[in-house]
Amino acid sequence: MKPIFYSKSPDARAAFIRSYFARSGLKKLAYLVPKKFMPDIAARFPEATLHAYEDVTKSNDLFNLADDQTLLVFDRPSRYKLITNNTFVRLSRIAERYSHKTMVDIVPFTTGIEYLYSPLAFIYRGILGYQHWYSFRENNWELTPAGERIRAHDFRWLAQKLAKAAEIDYSDFLGNHVETIDCPLTRSEASEYKQLRDRLFEENKTASPIITTLADWTNIRESRYEMLEKLLRESGRTVVYTNLSGHNKRLQKRFPGIEVRSFYDTNGGEDQYDRVILFETPIIRGYLFLDVIANVRPDCEIIVFRSDTTVDRLLYKRMFDEYDSINLFSKMLYEEVQHAGRN
C-alpha cells in the first residue's frame, strides 16, 4: 500500500489511514494535523495521540513518542512548506525519528510546483530524486530512462515519479463552476485609492505592508458592497468568506442575517451551501480557501470578487495561478496512478 493519499473527502482520508494502520501491524498511532481540524480527527481516531503542527516548536512529545511500533501520520502538511520556517525544520527532525510514516492531504502542493518537494520530504526525500529542496527548486535538466532531456518541474514527469508513492481519488480539484465578479471602483474611490497608494509607497520600503493595507482598503468599498447586495438577493443558501473577522462585523451590520466567515475560522458544513462567495481574495495563507473548496458539493457555485485595482488583480492572479497548477498536476497524477494500476 502506497504511503501517500490525496483526497478531498475527509471520510476517504480517514479510511485510508485506518487501512494503512491496520495493515502495518503497528501498535500506536501518532497523528499530526492543523489545530482547527483536531476535533474532527479526535472523533475519527480516539486511539491516536493528536499533535497540532502549530505546537511542534513548543513540545518534545513527538520526539519522545518515536519508536518502531508507532505510525506517524502527516495530515495536510502541504501548507507547511517553507524550509526555513521553524515549524518545517522541527517537522523534518521529527520525521527522521520515525521508521513508519504516512501522509494524507487534499492537494499535493500549495503556492507553486517547487513546493511539491516539501511535504514529500517528511515521508522520503528520494521520491522526486533530490536530497535537498534547493536543488529541486532550480528546475534543472534531467535525463529520463528513455534518454529524453526534461526539466525537473515538468508536471508529467513529476506525476510519473509521485505515482510510485501516492494514490489520488480525483482528477480535478476545482471542478465547480467558478464565476468572477468584477466590481470597479467609483471615480471618488479610485481617487482615494491613488492617494493612499502614493502615501504608502512613501512610508514603506517593502511591498508586504503596502499590499496588505491597499487590499484591506479595497475590500470595504461601497462599490463592492453594492455588487454583493445583488447576489444576496438570489435564491439558494449562500456563505461569504473574508480575510478578517473585523470585516465580517461590517458585513453583518450592512446585511443582517448574512452568513459570513473569515478564512481563519474552523471550516465545516460547506456542503450545505448552494453558493460560496469569495468576497476578498486571500492576502496570505491562501491555502485556507482550499479547505473550503475541498468540502463544497460538486454543484455548488463559487463566486470570486475582483476590483480593478492593481493590488486586487495581483492577488487574484496569484491565487488562480496556484489553483490552475494544482488542477493540472492533479489531473496528470490521477492519469499516471490509473495507468500504473492497469500495468
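**View 1. Helices α1, α2 and α12 around the second largest pocket.** Here α1 (10–24), α2 and α12 each put at least two residues into the lining of the second largest pocket. Like everything in these views, the pocket comes from a predicted model. Its volume works out at about 200 Å³. There are 16 lining residues, and those closest to the pocket centre are Pro-10, Phe-37, Asp-40, Arg-76 and Asn-295. Sorted by class, the lining of this second largest pocket holds 7 charged, 5 nonpolar and 4 polar residues.

**View 2. The largest pocket and the helices that line it.** At about 820 Å³, this is the largest pocket in the model. It has 27 lining residues, and if you want to find its centre, look for Arg-79, Lys-81, Ile-284, Arg-285 and Tyr-287, which are the closest to it. Three helices, α4 (86–97), α12 (287–295) and α13 (310–342), each chip in at least two lining residues. Of these, α13 gives the largest share, with 4 residues. As for chemistry, the lining of the largest pocket counts 15 nonpolar residues, along with 7 charged and 5 polar ones.

**View 3. Strand β2 and its two parallel partners.** Zoom in on β2 (residues 28–33), and you'll see a strand that is mostly covered, with 5 of its 6 residues buried. One partner is strand β4 (residues 70–75), which pairs with β2 in the parallel sense over 5 bridges. In that pairing, Lys-28 has Thr-70 of β4 as its bridge partner. The other partner in this view is strand β3 (residues 49–52), also parallel to β2 and joined to it by 4 bridges. Here, Ala-30 sits opposite Thr-49 of β3. To get from β2 to β3, the chain passes through helix α2 (residues 38–44), making a right-handed β-α-β crossover. That's the α2 of View 1, where the helix supplies at least two residues to the lining of the second largest pocket.

**View 4. Helix α7 and its N-terminal cap.** This close-up follows α7 (residues 155–162), a mostly covered helix in which 6 of the 8 residues are buried. The buried set is Phe-155, Trp-157, Leu-158, Ala-159, Lys-161 and Leu-162, so yes, a lysine is in there too. Now look at the start of the helix: Asp-154 caps the N-terminal end of α7. One of the Asp-154 side-chain oxygens lies 3.2 Å from the backbone nitrogen of Arg-156.

Technical notes
Residues numbered from 1 in each chain as written. Predicted model: local features only at pLDDT ≥ 70, side-chain atom pairs only at ≥ 80, totals over all residues. Heavy atoms only, no water. Buried < 20%, exposed > 50% of the residue type's maximum accessible area, 1.4 Å probe, protein only. Pairing = 2+ DSSP bridges. Right-handed = clockwise from strand over helix to strand, strands pointing away. 1 Å grid on protein atoms, 1.4 Å probe; cavity = no way out; pocket = protein on both sides within 12 Å on 5 of 7 lines; lining within 4 Å. Points joined across faces, edges and corners; volume = space filled by probe spheres on them. Nonpolar A, V, L, I, M, F, W, Y, C, P; charged D, E, K, R; others polar. Polar contact = N/O pair within 3.5 Å; in protein donor to acceptor, adjacent residues only side chain to side chain.
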